[in-house]
Amino acid sequence: MNQPSAIVIGAGIVGLATARALAIRGFEVTVFERNEHAVGASIRNFGMVWPIGQPTGPLFERAMLSRSIWKQICMEAGIWHDEVGSLHIANSDDELAVMTDYVEMNQAYRDCTLLTPQQTLAKSNGVNPAALKGALWSGMEMIVEARVAIGKIAGYLEEKYGVNFHWNTAISQVENSTVKSGSRSWQADEIFICSGAEFETLYPEIFMQQGITKCKLQMLRIISQPDGWRMGPALCGSLSMIHYPGFHATPSLSQLRKRYEVEYAEYLKWGIHVMAAQNHTGEITIGDSHEYGLVHDPFDKDFINQLIIKYLKTFTHFKDNSIIQTWNGIYPKMKNGETELVMAVAPGVTIINGLGGNGMTLSFGLCEQVIGARFSSQTL
């Protein structure tokens, strides 16, 4: 029997996750990336693998599956990763009430607990003690340095599974079992389009019919902390509980949201919630904001960055808050409430896209499930 072949378009996290899921099932995989390396949303994020943000049920289970795959790859490929968990910081009683609800609803099957102020400060000396009421501790979250990890995963797939990468090769046409870039063409039994925010080139009418848009987010990076200082867990302000679906089932959230709509109206207008994650060099990534639309200007708004920094200081206390980098990222997002777009658009041609801000957390699990369901009988 001939070895089945597959082409994956896009070498961001979704494309890499698809390539891995195919390769472990015996496919000869070729990946095409329009740039000389991945430069999109997959390298412009916190590097957080973030199960706590997912609602109970299939998405949480997918996140935990992703986490296990991430850990396996990191171990095998020598990729830095830090299983530090996370702290959501409460500076008011209504924020603490939401965290209390979360723990009561989830502690039976999630590694989470409510901490006193003293216990919180014992977990991290990066927490601002001034107004501290307590914190939600979760042990599930893991940090990678996305800027390094994404490239190393490509090398790992190439070395371990023989995945073939064509860099600087923009695929402009897919027809039947053939993909084309200028005058060159390649064929495969299966084709997967994992083009992220670049969805205007291949099957644009399909994307538009499905109600997809783009989200621009602004992020910043703080200087490597002096004397090797580490903050420990990833740190989140309570605004993050408004943002993440994992908290939306808590009874107390609606009351907290009402207060935020008054006191933090500007933050909600620009989709700002604030988180911080420290990489292997001691630098701290902070952010972010959310602006939606098909086209975004390339310029960052300084007032958004200042709002992020202002809120950051309400719950963190770092050794040095000097900003060394600012940037923005753009990712695809479904407008209809769907968590992803997985669609067969022609025989042997499948789109996997639209994961929103959950790419790092869900891609490995999603692609393992999608590819596993379709080709369960094919294994190495």
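User: When do two strands pair, and in what order do the three strands of the open sheet lie?

Analyst: Two strands pair if DSSP finds at least two bridges between them. In this predicted model, three strands form an open sheet with antiparallel pairing. Their order is S3-S8-S4.

User: Which strands are the edge strands?

Analyst: An edge strand here pairs on one side only. That holds for the strand at 48–49 and for the strand at 81–82. The edge strands are S3 and S4.

User: Which residue in S8 is the bridge partner of Asp-82?

Analyst: S4 and strand S8 (residues 142–144) run antiparallel. Two bridges join them. In S8, Asp-82 has as its bridge partner Ile-143.

User: How far does helix H10 reach from its first C-alpha to its last?

Analyst: H10 covers residues 302–315, which is 14 residues. At 1.5 Å a residue, 20 Å is expected. The helix comes close to that, with a reach of 21 Å.

User: Which residues of H10 are buried?

Analyst: Buried means under 20% relative accessible area. In H10 the residues that meet this are Ile-304, Asn-305, Leu-307, Ile-308, Ile-309, Tyr-311, Leu-312 and Phe-315.

User: How many residues apart in sequence are the parts that Glu-368 and Arg-20 tie together?

Analyst: The side chains of Glu-368 and Arg-20 meet in a salt bridge, 2.9 Å from N to O. Glu-368 lies in helix H11 (residues 359–374) and Arg-20 in helix H1 (residues 13–23), so the pair ties together parts of the chain whose separation is 348 residues.

User: Is Arg-20 buried or exposed, and at what relative accessible area?

Analyst: The cut-off for buried is under 20%. Its partner Glu-368 counts as buried at 17% relative accessibility. Arg-20 is buried too, with a relative accessible area of 9%.

User: In the salt bridge of Glu-190 and Arg-374, which residue is partly exposed?

Analyst: The side chains of Glu-190 and Arg-374 meet at 2.9 Å, N to O. Glu-190 is in strand S13 (residues 190–193) and Arg-374 in helix H11, 184 residues apart. Glu-190 counts as buried, at 13% relative accessibility. At 39%, the partly exposed residue is Arg-374.

User: Where does Lys-301, the salt-bridge partner of Glu-291, lie?

Analyst: The closest N and O atoms of Glu-291 and Lys-301 are 2.9 Å apart. Both residues are buried. Glu-291 is in strand S18 (residues 291–292), and ten residues away Lys-301 lies in the loop between S18 and H10.

User: Which residues do salt bridges with shared partners join into one network?

Analyst: The count of salt bridges comes to 18. Some share partners and form one network. Its members are Asp-94, Glu-95, Arg-259 and Glu-263.

Terms used: Residues numbered from 1 in each chain as written. Predicted model: local features only at pLDDT ≥ 70, side-chain atom pairs only at ≥ 80, totals over all residues. Heavy atoms only, no water. Helix = DSSP H or I, 4+ residues; strand = E, 2+ residues; numbered from the N terminus. Expected span 1.5 Å × (residues − 1). Buried < 20%, exposed > 50% of the residue type's maximum accessible area, 1.4 Å probe, protein only. Salt bridge = Lys/Arg side-chain N within 4 Å of Asp/Glu carboxyl O.
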